[in-house]
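Subject: Structure for you to look through

Dear colleague,

Please find below the structure that I promised to pass on to you. I would be glad if you kept it open while you read my notes underneath.

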Amino acid sequence: MNLSIQLAPSHQQGLILDNPVMTASGTFGYGTEYSHLFDIQKLGAIVCKGTTVEPREGNPQPRLAETAGGLLNSIGLQNIGVNAVIEEKAPIWASWRVPVIVNIAGETVDEYAQLASRLDGVAGISGLEVNISCPNMKAGGAEFGADPDSAAEVITTVKKATSLPILVKLTPNTSDIGKVAVAVSEAGADAISLINTLRGMAIDITQRRPLLGNISGGLSGPAIKPVALYMVYEVAGAVDLPIIGCGGISTANDAIEFIMAGASAIQVGTASFTNPRAPLDVLEGIEKFMEEEGVEDIRELIRIARR
Ligand SMILES: Cc1cc2nc3c(=O)[nH]c(=O)nc-3n(C[C@H](O)[C@H](O)[C@H](O)COP(=O)(O)O)c2cc1C
């Protein structure tokens with residue numbers, strides 16, 4: 001059976017994954033945290049925690065709240081900063097077989113450019129995933145990815161600053177995700193991942209105030225799967241790039257739905273918190289499905305529900 005996927009077909013270097021199962025940024029640390037739990041080298045790719053120019057402590061506590069079928073988080077991009085990623089993490093990744101993709105986040109277009117150029121040519125890094133769900137500080141705090149023009153501006157700038165393949169991670173918090181996908185595709189994205197979390201909140205009725213220290217947070221987990229699946233379907237109809245589906249995937253069946261809707265690869269996120277082996281379980285389940293259904297190449301399944 002062939003499960004390998006080319007995620008950056010138009011890129012000179014390309015980005016070939018042995019299989020379509022990736023981890024979602026912010027839910028799998030730097031990969032190292034999980035390496036004693038199972039053989040993470042078997043995965044298609046690892047996406048690390050969102051990385052910013054400077055280290056960040058993140059938002060005030062509490063930062064996590066469980067909801068029906070979901071999780072609200074307002075971590076606020078707590079991370080070690082790009083220098084520590086390059087000095088401490090990349091040398092470890094360089095010895096791995098599994099490709100590692102660095103997720104980057106900026107508050108200005110210039111910060112995205114700085115991150116992209118610092119990470120360019122660093123051994124152990126196979127690609128960038130550009131998180132455009134961050135607030136654009138120069139435009140009053142609206143998410144870069146909420147608007148096609150500001151999303152495209154980020155990607156045009158990042159593309160100039162790096163020779164690495166560029167995955168663009170879309171936010172669902174926009175009125176027309178298809179238009180944003182087209183804009184980033186025209187700006188030079190190699191692949192598109194979606195979705196990031198949906199904005200939400202919870203209230204502690206005894207305390208009579210918002211449960212999260214940051215008031216609102218991002219909703220993830222099984223509750224968002226149908227929304228994410230539909231957005232993947234929509235974006236697959238709007239652009240011709242490889243798509244990476246994400247949002248509420250916890251089983252192989254979930255993953256196969258995303259692949260049939262148009263995804264070439266998928267990411268497992270919140271599911272890793274309840275079952276750290278979830279990404280491997282999803283991979284083994286996909287293999288079992290293919291065997292049982294007589295599917296020899298995963299590419300036979302991509303977009304099949306669209307025909
Ligand atoms: C605790 C937590 C932290 C996250 N941090 C990031 C991040 O740093 N960058 C990013 O692009 N997405 C981040 N995400 C979003 C996930 O990568 C993913 O897009 C989202 O959770 C939906 O997938 P899921 O339902 O499988 O978790 C985070 C999600 C969670 C739950």
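Which residues are linked with Asp-254 in a network of salt bridges? The partners are Lys-225 and Glu-257, which together with Asp-254 make up that network. Before you go further, please keep in mind that this is a predicted model, and that every value below was computed from it.

**Salt bridges**

Side chains of opposite charge can pair when their charged atoms come close. In this model the count comes to 10 salt bridges, and a few of them may be worth finding on your screen. Glu-292 pairs with Lys-288, with 3.4 Å between the closest N and O atoms. Because these two residues are four apart in helix H8, about one helical turn separates Glu-292 from Lys-288. Both partners are exposed, Glu-292 with a relative accessible area of 57% and Lys-288 with 51%.

Lys-179 and Asp-176 form another salt bridge, in which the closest N and O atoms are 3.7 Å apart. Here Lys-179 counts as exposed, at 53% relative accessibility, whereas Asp-176 is partly exposed, at 28%. In the salt bridge between Arg-299 and Asp-297 the closest N and O atoms are 2.7 Å apart, and Asp-297 is counted as buried because its relative accessibility is 15%, which is under the 20% limit.

**The ligand and its surroundings**

Around the ligand there are 23 residues, of which Ser-25, Lys-169, Gly-221, Gly-248 and Thr-270 come nearest. Sorted by class, this shell has six nonpolar, 15 polar and two charged residues. Three polar approaches to oxygen atoms of the ligand can be described. In the side chain of Lys-169, an N or O atom is 2.9 Å from a ligand oxygen; in Ile-195, a backbone N or O atom lies 2.9 Å from a ligand oxygen; and in Thr-270, a polar side-chain atom lies 2.6 Å from a ligand oxygen. Taken alone, the ligand exposes 610 Å², and the protein buries 96% of that area.

Thr-270 also has a partner within the protein, since its side chain is joined to that of Ser-220 by a polar contact of 2.7 Å. Ser-220 belongs to strand E14, which covers residues 216-220, and Ser-220 is buried, with a relative accessible area of 9%.

**Backbone features to look at**

Most residues other than glycine have a negative phi, and most peptide bonds are trans. Where does the model depart from this, and which residues are involved? Ile-195, which we met beside the ligand, follows a cis peptide bond from Leu-194, with omega near 10 degrees, and Ile-195 is found in the loop between strand E10 (191-194) and E11. The peptide bond from Gln-61 to Pro-62 is also cis, with omega near -10 degrees, and Pro-62 sits in the loop between E4 and strand E5 (64-67).

Arg-208, although not a glycine, has a positive phi of about 60 degrees. Arg-208 is placed in the loop between strand E12 (203-204) and strand E13 (209-210), and at 69% relative accessibility Arg-208 is exposed. Arg-303 likewise has a positive phi, near 70 degrees; Arg-303 lies in the segment after helix H8 (278-293) and is partly exposed, at 23% relative accessibility.

**On the surface**

Met-201, Ile-203, Ile-205 and Ile-215 make a nonpolar surface patch of about 440 Å². Within that patch, Met-201 lies in strand E11 (residues 198-201) and is partly exposed, with a relative accessible area of 46%.

Finally, is His-36 buried or exposed? His-36 is exposed, because its relative accessible area of 63% is over the 50% limit. His-36 has its place in the loop between strand E3 (21-23) and strand E4 (46-47), and its side chain reaches the backbone oxygen of Glu-33 at 3.4 Å. From His-36 to Ala-236 there are 200 residues along the sequence and 36 Å in space, taken from C-alpha to C-alpha.

With kind regards

How values were computed
Residues numbered from 1 in each chain as written. Predicted model: local features only at pLDDT ≥ 70, side-chain atom pairs only at ≥ 80, totals over all residues. Heavy atoms only, no water. Buried < 20%, exposed > 50% of the residue type's maximum accessible area, 1.4 Å probe, protein only. Polar contact = N/O pair within 3.5 Å; in protein donor to acceptor, adjacent residues only side chain to side chain. Near = heavy atom within 4 Å. Areas by Shrake-Rupley, 256 points an atom, 1.4 Å probe, with all protein chains shown as cover. Nonpolar A, V, L, I, M, F, W, Y, C, P; charged D, E, K, R; others polar. Patch = residues over 30% accessible without salt bridge, like charges linked within 9 Å, V, L, I, M, F, W, Y side chains within 5 Å. Salt bridge = Lys/Arg side-chain N within 4 Å of Asp/Glu carboxyl O.
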